Amino acid sequence: MPEKDPYRIFKEAERKRNRSRFLDAIPLYIESKKLGRGDAAHALSCLLSLGHAYRMAGEFARAGSSYKGAYILAASLGKKTDSFDALVGWGLAKRAENKLQEALGLFAKAEKAYRKSGDGAGLAFTLWAKAGAFRIKGDLKKALRGFEESRGLFKRLGDASGAGYSLCGLGGASRTLGRYNDSLRYYSRANSVFTGLKDTFGRAYSYCGIANALMMTKRFKEALEFFKKAKSNYKKIGDRVSYAYTLWGEGTAYQLLGKDNPALKNFREAERLFKETKDRRGLIYCMLSMAETEFKKTEKGRARKTLKLASKKAGELGLRTEKGYAQLLIRTMEKSPGDLPLNLP
């Protein structure tokens, strides 16, 4: 029986990853790395790609471990560009785990290195990643500036995909700032870009963004159609975290339409996935939504207790926006409970 070729296996893994089939690519990268023992450069390629695949599949701890290994190996081989790329990936894995200060530290290190080396593509990607961390942190003006800067740089480089992801970032930050029409416009433009590129993840991301923007303008039935499209695409990829956020968004649409049973089903399924993937920010959103349901079922004391805990957890994670949402819900329950459920951006 002929020996397996690690380089051919790697190429097959890359093909699958480029088609957003991350769960299929992961075991191939592992096998390729194992078979290519003695080839340090090949091991580095496998670790970097493995980090990307794990991250896109929502396996953030494993992604971080792969990127860290790639960073150490690249530094030992004197491969500066690969070490910078590993730093950004490592930062994205930390960002996904809501370890925002660690993520920003890694992005700052990468940004300095890319500026010094004159690597425009690496710099654009780092600026996009850093802007996303600011958005999660609740520093929305810095996020908008960062996404605009990265988009401009991606456009100058002729990188349509990068520009599309920057548009998604602008869409998310605009929604949280209450600029709902801007948000819908950004996400719709991004969706056109990703449809042209046949980017499954990008399409799913932008569909979810469109749905959220439609929700804010009270077009709930239209929003449900786009959440369905997002779920279908995320299922193809195997991205459990993004799928969980989409479930939560869909559940919120049901809740605002007065359909509490399907809403609760979505929130519970999203909560299960957030627990599996250790996404603490996602769990806070589930706590907020379930507290509203508890309050409606006359479990008022329990609802307030849930919200106070959500506020505390959000504060500990440095999530300003989510802490603000928890406190707004507490005030609404005390002063104008008839306004519940709230349509939070």
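**Lining of the largest cavity and the second largest pocket**

The lining of the largest cavity comprises five nonpolar residues, three polar residues and one charged residue. The model is predicted, and a single cavity of 30 Å³ or more is present in the structure. The volume of the largest cavity is about 50 Å³. Its walls are formed by Trp248, Thr252, Gln255, Tyr285, Leu288, Ser289, Glu292, Leu342 and Leu344. Two or more of these lining residues are given by each of α13 (240-256) and α15. The largest share belongs to α15, which provides four residues of the lining of the largest cavity.

Helix α15 also takes part in the lining of the second largest pocket, to which α15 gives the most, with seven residues. The second largest pocket encloses about 320 Å³ of space. Its lining consists of 15 residues, and those nearest the centre of the pocket are Glu271, Leu283, Ile284, Met287 and Lys313. At least two lining residues of the second largest pocket come from each of α14 (260-276), α15 (280-296) and α16 (300-317). By residue class, the lining of this pocket contains eight charged residues, six nonpolar residues and one polar residue.

Helix α15 thus appears in both linings, with four residues at the largest cavity and seven at the second largest pocket.

How values were computed. Residues are numbered from 1 along each chain as its sequence is written. This is a predicted model: local features need pLDDT of at least 70, side-chain atom pairs count only at pLDDT 80 or more; totals for chains, interfaces and linings use all residues. Side-chain values use heavy atoms; hydrogens and water are left out. On a 1 Å grid over the protein atoms alone, a cavity is a set of points where a 1.4 Å probe fits but cannot get out, and a pocket is an open set with protein on both sides within 12 Å along at least five of seven lines; lining residues have an atom within 4 Å of a point. Grid points are joined across faces, edges and corners, and a volume is the space filled by probe spheres set on the points. Ala, Val, Leu, Ile, Met, Phe, Trp, Tyr, Cys and Pro count as nonpolar, Asp, Glu, Lys and Arg as charged, and the others, Gly among them, as polar.
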